[in-house]
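Please look through the sequence and the 3D structure shown below, and keep both at hand while reading the report that follows.

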Amino acid sequence: MPGLTQNVENAEDIDYSDIEAKYKVEYDDSLDNTIIVDGVPIIDNSKLERLFAKICKEFTRKGVPVKPDDIFMPWDENTGKSKGYLFIDFRNANEANNALLAMNNHPFDAKHTFKLNRFDDVEKYANMDDTYVEPEIEEYTPREHLRAWLTDPQGRDQYVIYRGEDVEIHWHGKPSQCELAYKPDWKDFLYVSWSPQGTYIATLHRQGVRLWGGPSWKHQQRFAHPLVKLIDFSPCENYVVTWSNEPIIVPEGKPQGPQYFSPDDEGNNLAVWDIKSGHLLRTFSTNTGAEAAPKRQMPWPALKWSPDDKFVARVTPGQMISVHELPSMFLHEKKSLKIEGVVDFEWCPLGDNDRDEAEKVASVGAKGAKKAPENMIAYWTPEVANQPARVTLLSFPSRTILRQKNLFNVSECKLHWQNQGDFLCVKVDRHTKTKKSIFCNLEIFRVREKDFPVEVVELKDTVTDFSWEPKGERFAIVSTNDPNLGNPGPGITIKTDVSFYQLDRVKNDFKLLKTLPNRTSNAIRWSPRGRFVVLATVGSSTKSELEFWDLDFTLEDRRDGQAVKEDWGSSIQSLGLADHYGVTDVEWDPSGRYLATSASAWTHTLENGYAIWDFRGQELLKQIQDRFKQFLWRPRPRTLLSKEQQKQIRKNLKEFSRVFEEEDQRESENVNTELLALRRRLVDEWNAWRARCKKEMIADKSHDHAKEKQSEEDKEEIEVWVEEIVEQIEEEVDD
């Protein structure tokens, strides 16, 4: 059959290479998904199942799920025991890389620490060529300094405003120095938040949290916590806590690893992250008891940091305080502080002297050096059965009880530390024996003195706000006996009294300096430098007053922060009164020279915006902006100057002041010169315009006159003779 033979021969000539290439199956002979784990306990066959179960649990807890079938354990035929290492096969190379990051140097138990390596790396280094090849030198690219804003030549501060969907970061100083610093294009976020020392600014998105910083405001870190609502930084900016009202869910196929949630985190809603690495350290649940009280408000922050970032603690109301070490997040000494009935606690802040001492000890590091001071926790327990309420000071990590104070007829306690840790005020709301009325006592612990003496300030009214003067020995309170307190009607403003107290070291008690009666103030805002204070009426629909006070108005001679005059009360003087309608937030800038007030659209929608005042209450700037939400000053870190340097600056303050005054004078002269030059230029332009207009008018008149003259010359004179017969007489003449 010649036709069929010809077709077969033609079929053999057809090129199928494209189809073969399309459906070719590549054989993957690489082992990039295999990890070698060293440091595994050496066991016999009887313990194999238990060991595999624990290894799988440890890997899964770190976000890298492993099954026993994925593990291969080599055995020594002579001894019948394992060789101390094993192989784990993962689904792909990405999971193997995640396991390497999460479990390398992982402490499996007290005697064994895992060391992980890729199987491909073992082969590569075993077969490495011995010929040395000099590596290429990469060009060094310096990273941006995250605190570059502190080097501003004019020493200005920054603030951020959030309006509508837009964020703006501004420089603020003298009026001539205020300008826009940066306008980012961040989108779809809930709100912004500065870190405690101003290094980062955080934005909360639906997918999680992003950190930004540096001169160019580049993205610095991200934390994948879906539907996050709240954020809290540790004091030293090493860690961050995120919270969502929705429990964590890890869908199938989602990325896992040290920067992501694992199945073990499901159901929790509070997460702790390492800022530098972005790794997830641990998750917790805050829903305990939510079924019984679904409408209760969750206290925030839910985790409270020690001031040195070494510990973080949380309270289980009525049972215990659990303190975790950083960065491992292991429970300290594997046990919590069992405290029956405990309600709340607070860490003692580190004062400047404490920080200097800790830095000195850390730098010396020699044997016999003075031990760094321990942290301190204050907590309180209510009255139970026949036991009184109690406030306790506890040293940590030694867990030594330093001081206890029994309290009676207690309804509620609030703990207020002074920012240097010198004093602790326990605001005790007491009830009478009939429990029909409430009054207040202030139990003030003098922490720096031997045996922690306690001073008591008895008050007859309810205290609604308490605030220590930063780095000082004074405090202010807002008190009231208004019957509308607790159930104010619409349009009703609670009447209050504001009182100032000062420690009298001669009598060893706190002396009342002055009381300002019949106020509506409900918020106290001290300047971060002390001395100046603002009393504000916040959150009221009818009142929005701001009172600026100077507590050292007549005390010019001050020694080590202590007034030398006996009549302290007379030194308290009003600097000014102001008003910001609908004010919801009041915040001093880090320098203590300016105050910002704002009315947020999150609270109401009437005249939203912000205003900036000087410390005397003079308005410098006011912006009324629709959909205005946030105003936040950028915090500054602790000064790098030593105490000796600071004393030297204070000693030579007049010389420095003279330099600044000269700069201000030059700036004022420059401004006046520029203003004078502007006025002269405007006058010259006016005169030139007038001269030009006058010249044009003269030219126009000359042109019109010439035109008229020319038209007269061009005229034709036409004479018309008109004959008119006035009278006609006919006469006959005789010849």
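## Salt bridges

R616 and D614 are joined by a salt bridge, in which the closest N and O atoms are 2.9 Å apart. Like every value in this report, that distance is computed from a predicted model. The two partners can be described by how much of their surface is accessible: R616 is partly exposed, with a relative accessible area of 43%, whereas D614 counts as buried, because its relative accessibility is 8% and the limit for a buried residue is under 20%. Beyond this pair, R446, E449, E455, E473 and R505 are joined into one network by salt bridges that share partners.

How many salt bridges does the structure hold? The structure holds 28 of them. Side chains of opposite charge can pair when their charged atoms come close. One of the salt bridges is formed by the side chains of D352 and R638, at 3.5 Å from N to O. This pair links distant parts of the chain, since D352 belongs to helix α6 (residues 352-364) while R638 is found in the loop between β44 (628-633) and α7 (643-651), 286 residues apart. D352 is partly exposed, with a relative accessible area of 23%, and R638 is also partly exposed, with a relative accessible area of 34%.

A further salt bridge connects E443 with R430, where the closest N and O atoms are 3.1 Å apart. E443 is part of strand β28 (residues 438-446) and R430 is part of strand β27, so the salt bridge ties together parts that are 13 residues apart in sequence. Both E443 and R430 are buried.

The three salt bridges described by their distances are listed here.

| Salt bridge | Closest N to O distance |
|---|---|
| R616 and D614 | 2.9 Å |
| E443 and R430 | 3.1 Å |
| D352 and R638 | 3.5 Å |

## Two open sheets

Strands of a sheet pair through backbone hydrogen bonds, either parallel or antiparallel. In this model, one open sheet consists of four strands in the order β26-β27-β28-β29, and the pairing is antiparallel. Which strands stand at the edges of this sheet? They are β26 (410-417) and β29 (454-459), and because each has a single partner strand, one side of each is left without a neighbour in the sheet. On average, and with direction ignored, neighbouring strands of this sheet are turned by 20 degrees against each other. Strand β26 and strand β27 (residues 423-431) run antiparallel and are joined by seven bridges; W417, for instance, has L424 in β27 as its bridge partner.

Another open sheet of four strands follows the order β40-β41-β42-β43, with antiparallel pairing. Here β40 (585-588) and β43 (619-624) stand at the edges, and since each has a single partner strand, one side of each is left without a neighbour in the sheet. Neighbouring strands of this sheet are turned by 15 degrees against each other on average, direction ignored. The antiparallel pairing of strand β42 (residues 609-614) with β43 extends over five bridges, and Y610 has Q623 in β43 as its bridge partner.

## Polar contacts and a loop residue

Two buried residues in strands make polar contacts through their side chains. D550 lies in strand β36 (residues 545-550) and counts as buried, because its relative accessibility is 2%; its side chain makes a polar contact of 2.8 Å with the side chain of R531. Q158, placed in strand β7 (residues 157-163), counts as buried at 3% relative accessibility, and its side chain is joined to that of R634 by a polar contact of 2.7 Å.

Is N481 buried or exposed? N481 counts as exposed, because its relative accessibility is 61% and the limit for an exposed residue is over 50%. This residue lies in the loop between β31 (474-480) and β32 (496-504). Although N481 and T462 are 19 residues apart along the chain, their C-alpha atoms are separated by 6.4 Å.

## A nonpolar patch on the surface

L641, I649, L653, F656, V659 and F660 form a nonpolar patch on the surface, and together they have about 520 Å² of accessible area. Helix α8 (residues 653-713) contributes four residues, the largest share of the patch. V659 lies in this helix, α8, and is partly exposed, with a relative accessible area of 41%.

Conventions. Residues are numbered from 1 along each chain as its sequence is written. This is a predicted model: local features need pLDDT of at least 70, side-chain atom pairs count only at pLDDT 80 or more; totals for chains, interfaces and linings use all residues. Side-chain values use heavy atoms; hydrogens and water are left out. Patches are made of residues with over 30% relative accessible area and no salt bridge: like charges are joined within 9 Å, nonpolar side chains (Val, Leu, Ile, Met, Phe, Trp, Tyr) within 5 Å. Accessible areas come from the Shrake-Rupley method with a 1.4 Å probe; for residues, only the protein chains shown count as cover. A salt bridge is a side-chain nitrogen of Lys or Arg within 4 Å of a carboxyl oxygen of Asp or Glu. Buried means under 20% relative accessible area, exposed over 50%, partly exposed in between (1.4 Å probe, protein chains only). Two strands pair if DSSP finds at least two bridges between them. Axes are lines fitted to C-alpha atoms, for helices over the stretch in contact, and angles run from 0 to 180 degrees between N-to-C directions. A polar contact is a pair of N or O atoms within 3.5 Å; within protein, one must be able to donate a hydrogen and the other to accept it, and residues adjacent in sequence count only if both atoms are side-chain atoms.
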